[in-house]
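Reader: I am new to this structure and would like a close look at a single part of it. Please choose one strand, go through its surroundings slowly, and then lead me outward from there.

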Amino acid sequence: MLKSKHNTFGFWTLTLICAFLFFLSIDGLFKSFFGIGFNLRNGESLDELHQDVILFFGLTVFWCLILSAQVKNITIDTNNKTISFQNIFTRKSKVYLFSDFDGFINTAIPHNNLIYPYNTIGLVKDKRIIRRIDKYYYSNIDELKSGLSEIKNLGNIKFNFWERVKMLLKLPVL
């Protein structure tokens, strides 16, 4: 049984962004209701403070949704030939049999810059990439890939920008 390990840069960067924005939201609420908190901006009116709280809380929700959508706890059970994806917040799991997939592809996706693309495994069903395992978020992608050896390897595919958008929207890309 193989379990995913979260990559230091991708996963923890998103987590720290969420925590920082949440801190700013809570600090604004405390300043608004109790008059105590960090003075991050001097001379801020109550209306500006409420706008900041709404903005920071909205950004917190946005980044947490991205984190929840992109990062899952992955477990590959080679004995039962299953792969499960568990949401890190809700702990809801989705389990697939190896036979549910037509195969997997290898690709590379740039995340934070266009210079260094991260290796990505795309699990394919009906010409759509249903799930992705991305080195940006997971540090043991090679180990996870070895656990998928019983699934047909469809080869290496390089996607352009629009194909990556289609992949994110789970539209047919192959």
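**Strand E5 and its surroundings**

Author: This is a predicted model, and a good place to begin is the link between strand E5 and strand E8 (residues 153–156), which run parallel and are joined by 2 bridges. Within that link, Asn106 has Asn156 of E8 as its bridge partner.

E5 also pairs with strand E6 (residues 117–125), here in the antiparallel sense and over 8 bridges. Asn106 takes part in this pairing as well, with Ile121 as its bridge partner in E6, so that Asn106 has a bridge partner in E6 and another in E8. Strand E5 itself covers residues 103–110, and because 7 of its 8 residues are buried, that is, under 20% relative accessible area, the strand is largely enclosed by the rest of the structure. As a general point, the side chains of a regular strand alternate between the two faces of the sheet.

From E6 one can move on to strand E7 (residues 128–134), where Asp134 is found. Asp134 is buried and yet has no salt bridge, since the nearest side chain of opposite charge, that of Arg132, lies 4.1 Å away, whereas a salt bridge requires the side-chain nitrogen and the carboxyl oxygen to be within 4 Å. What the side chain of Asp134 does have is a polar contact of 3.3 Å with the side chain of Thr120.

A salt bridge is nevertheless present elsewhere, for a search of the whole structure finds 1. In a salt bridge of 3.2 Å, N to O, the side chains of Glu150 and Lys81 meet. This pair links distant parts of the chain, 69 residues apart: Glu150 sits in the loop between helix H3 (141–147) and E8, while Lys81 sits in the loop between strand E2 (72–77) and strand E3 (82–87). Glu150 counts as partly exposed, at 45% relative accessibility, and Lys81 is also partly exposed, with a relative accessible area of 42%.

For a view of the surface, one may turn to helix H2 (residues 46–70), in which Leu65 is found. With a relative accessible area of 56%, Leu65 is exposed, because the value is over 50%. Together with Phe57 and Val61, Leu65 makes a nonpolar surface patch of about 290 Å².

Conventions: Residues numbered from 1 in each chain as written. Predicted model: local features only at pLDDT ≥ 70, side-chain atom pairs only at ≥ 80, totals over all residues. Heavy atoms only, no water. Buried < 20%, exposed > 50% of the residue type's maximum accessible area, 1.4 Å probe, protein only. Helix = DSSP H or I, 4+ residues; strand = E, 2+ residues; numbered from the N terminus. Pairing = 2+ DSSP bridges. Patch = residues over 30% accessible without salt bridge, like charges linked within 9 Å, V, L, I, M, F, W, Y side chains within 5 Å. Areas by Shrake-Rupley, 256 points an atom, 1.4 Å probe, with all protein chains shown as cover. Lys, Arg positive; Asp, Glu negative; His and termini not counted. Polar contact = N/O pair within 3.5 Å; in protein donor to acceptor, adjacent residues only side chain to side chain.
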